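Visitor: I should like to learn how to read the features of a helical model. Would you take me through one, step by step?

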Amino acid sequence: MNLNDELAITRDRLRFIKNTQSANLCYLAILLNVFYFVSIYKSDVGTYYYNILIGASIVYNLVFMLAVFLSSEEVKNYNRKYSYLLGVIGLLQIARIFIIPMRAHAAKTVVNGKEVLVMHGGQFTRVCIYLAASAAFLLAAAAINIKKCNELSEHMNSIGAQNV
C-alpha cells in the first residue's frame, strides 16, 4: 500500500468516525474553566468579590460551559461553524485574564482589621494558567476541526458525494 492509498483510507474513515479529538479538547477546556472559577469563588477575602463583576462572571461561566459543550457535540460531526465559535470563546478566555485575575492580584482589602492581598501570586499564576490552557485547548479544537472538515470536504468532492 502506498502513501496515497493510506491518505485516501484515512480521509474515507472521516465519513464514518466522529471527531473525538476536538470534542475531547473542548471537555478539557471546560474542566480547566471549572478549576478557574472554583479557585476564584472559594477565595474568602472579605467582601472584595461581592460585586456585579462576579455576578457577570458567574453568568459568563454558565454560558461558557453550555456553549463549549454544544460546540463539542457539533464538532464531533465536523460542523465547521462551531469551530469559529470555539475560536471566539478561546480568545475571550485570554481576555478574561485581564479582568478578574489582574484586578484581584493588584488589589488589597481589609479583613479582620488587617490589609491583605486579594489574590496572592500563587493563585494568580494558577488561574492564569487555567484560562490560558483552556483558551489553547479551544483554539486547538477549532483548528483541528477546520482541518478535518476541509479534508472531509475535499474527499467527498473527489468521490463525487454531497458536500459536508
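Guide: The following exchange treats helix packing, helix length, burial and backbone angles in turn. Please bear in mind that this is a predicted model.

Visitor: How is the packing of two helices described?

Guide: Two packed helices are described by the angle between their axes and the distance between those axes. Here, H2 and H3 pack at an angle of about 165°, and their axes are 8 Å apart. Angles over 145 degrees count as roughly antiparallel, and H2 and H3 are therefore roughly antiparallel to each other. Their crossing is left-handed.

Visitor: Which residues make the contact of H2 with H3?

Guide: On H2 they include Ala23, Cys26, Ile30, Val34 and Phe37, and on H3 they include Ile58, Asn61, Met65, Val68 and Phe69. The residues of this contact divide into 16 nonpolar, five polar and two charged.

Visitor: What span is expected of helix H4, and what does the model give?

Guide: The expected span is 1.5 Å times one less than the number of residues. Helix H4, residues 81-96, has 16 residues and should therefore span 22 Å; its end C-alpha atoms are 23 Å apart, which agrees. The 38 residues of H6 can be read likewise: H6 reaches 55 Å from its first C-alpha to its last, close to the 56 Å expected.

Visitor: Which residues of H4 are buried, and what covers them?

Guide: Buried means under 20% relative accessible area. In H4 this applies to Ser83, Leu86, Gly87, Ile89, Gly90, Gln93 and Arg96. Their cover includes helix H2 (20-41), helix H3 (52-76), helix H5 (100-106) and helix H6 (121-158).

Visitor: Let us turn to the backbone. Where does phi take a positive value in a residue other than glycine?

Guide: Tyr78 is one case, with phi near 60°, and Asn112 is another, with phi near 55°. Tyr78 lies in the loop between H3 and H4, while Asn112 is found in the loop between strand E1 (108-111) and strand E2 (114-117). A glycine with positive phi can be found too: Gly160, which follows H6, has phi near 80°.

Visitor: Is Tyr78 buried or exposed, and is Asn112 buried or exposed?

Guide: Tyr78 counts as buried because its relative accessibility is 6%. For exposure the cut-off is over 50%, so Asn112, with a relative accessible area of 79%, is exposed.

Key. Residues are numbered from 1 along each chain as its sequence is written. This is a predicted model: local features need pLDDT of at least 70, side-chain atom pairs count only at pLDDT 80 or more; totals for chains, interfaces and linings use all residues. Side-chain values use heavy atoms; hydrogens and water are left out. Helices (H or I, at least four residues) and strands (E, at least two) are DSSP runs, numbered from the N terminus. Buried means under 20% relative accessible area, exposed over 50%, partly exposed in between (1.4 Å probe, protein chains only). Contact means heavy atoms within 4.5 Å. Axes are lines fitted to C-alpha atoms, for helices over the stretch in contact, and angles run from 0 to 180 degrees between N-to-C directions. Angles under 35 degrees count as roughly parallel, over 145 as roughly antiparallel, 65 to 115 as roughly perpendicular and the rest as oblique. A crossing is left-handed if the near helix is turned anticlockwise from the far one by less than a right angle, and right-handed if clockwise. Ala, Val, Leu, Ile, Met, Phe, Trp, Tyr, Cys and Pro count as nonpolar, Asp, Glu, Lys and Arg as charged, and the others, Gly among them, as polar.
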